Amino acid sequence: MNFIGAVGGDDGDGDDKEKEEEAERERQEAIREAEERRKEKHRKMEEEREKMRQEIRDKYNIKKKEEVQEAPPPEPDNPLMRKKKTPEELAREAEAEDQDDFTKLKNSIETQVNELKTQIESKCSLQ
């Protein structure tokens with residue numbers, strides 16, 4: 001009968017933690033490798049698609065559209081994660097909301113009249 005260490009049970013705890021940590025590292029490594037394989041697979045599939053697209057463009061003499069990468073990222077659905085507006089943007093929006101259709105029309109007519117006035121004054125010089 002061997003009762004040494006039976007009460008505390010400390011003999012196997014160190015090994016269990018090490019085994020769990022090692023298993024976790026292996027799991028994380030497997031996840032990372034699977035993700036890399038998936039990305040590589042999709043990259044190859046996209047290359048094949050692009051090759052087919054190019055063949056079609058060549059066959060029908062179609063020029064490739066240039067992709068514009070300057071588009072902002074889509075807004076997240078979570079309202080807490082949206083981009084914060086600057087005070088200037090908020091003021092501009094409030095001003096636009098305050099103006100009704102009549103005021104907008106009036107302002108656009110005034111700007112057009114002023115532009116015409118400056119054009120006429122530049123062409124006609126008083127002597």
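**Entry 1: charge on the surface**

I began with the acidic side chains of this predicted model. I found that D15, D16, E18, E20 and E21 come together on the surface as a patch of negative charge. I then picked one of them, D15, and looked up its place in the fold: D15 sits in helix α1.

Is D15 buried, exposed or partly exposed? I read a relative accessibility of 45% for D15, so I noted this residue as partly exposed. The partly exposed class lies between 20% and 50% relative accessible area.

**Entry 2: a nonpolar patch**

Next I asked myself which residues make a nonpolar patch on the surface. My notes name I56, Y60 and I62, with a patch area of about 320 Å². I traced I56 to helix α1, which covers residues 13-60. So helix α1 holds D15 from my first entry and I56 from this one.

I56 has a relative accessibility of 47%, and therefore I put I56 down as partly exposed too.

**Entry 3: stepping back to the chain**

How many helices and strands does the chain have? I counted three helices and zero strands. Reading from the N terminus, I wrote the order of elements as α-α-α.

Then I turned to burial and surface. The chain has 127 residues, and 1% of them count as buried; for that label, a residue needs under 20% relative accessible area. For the accessible surface of the chain I noted about 13,000 Å². Carbon and sulfur atoms account for 54% of that surface.

Methods: Residues numbered from 1 in each chain as written. Predicted model: local features only at pLDDT ≥ 70, side-chain atom pairs only at ≥ 80, totals over all residues. Heavy atoms only, no water. Patch = residues over 30% accessible without salt bridge, like charges linked within 9 Å, V, L, I, M, F, W, Y side chains within 5 Å. Areas by Shrake-Rupley, 256 points an atom, 1.4 Å probe, with all protein chains shown as cover. Salt bridge = Lys/Arg side-chain N within 4 Å of Asp/Glu carboxyl O. Helix = DSSP H or I, 4+ residues; strand = E, 2+ residues; numbered from the N terminus. Buried < 20%, exposed > 50% of the residue type's maximum accessible area, 1.4 Å probe, protein only. Lys, Arg positive; Asp, Glu negative; His and termini not counted. Charge placed at Lys NZ, Arg CZ, Asp CG, Glu CD.
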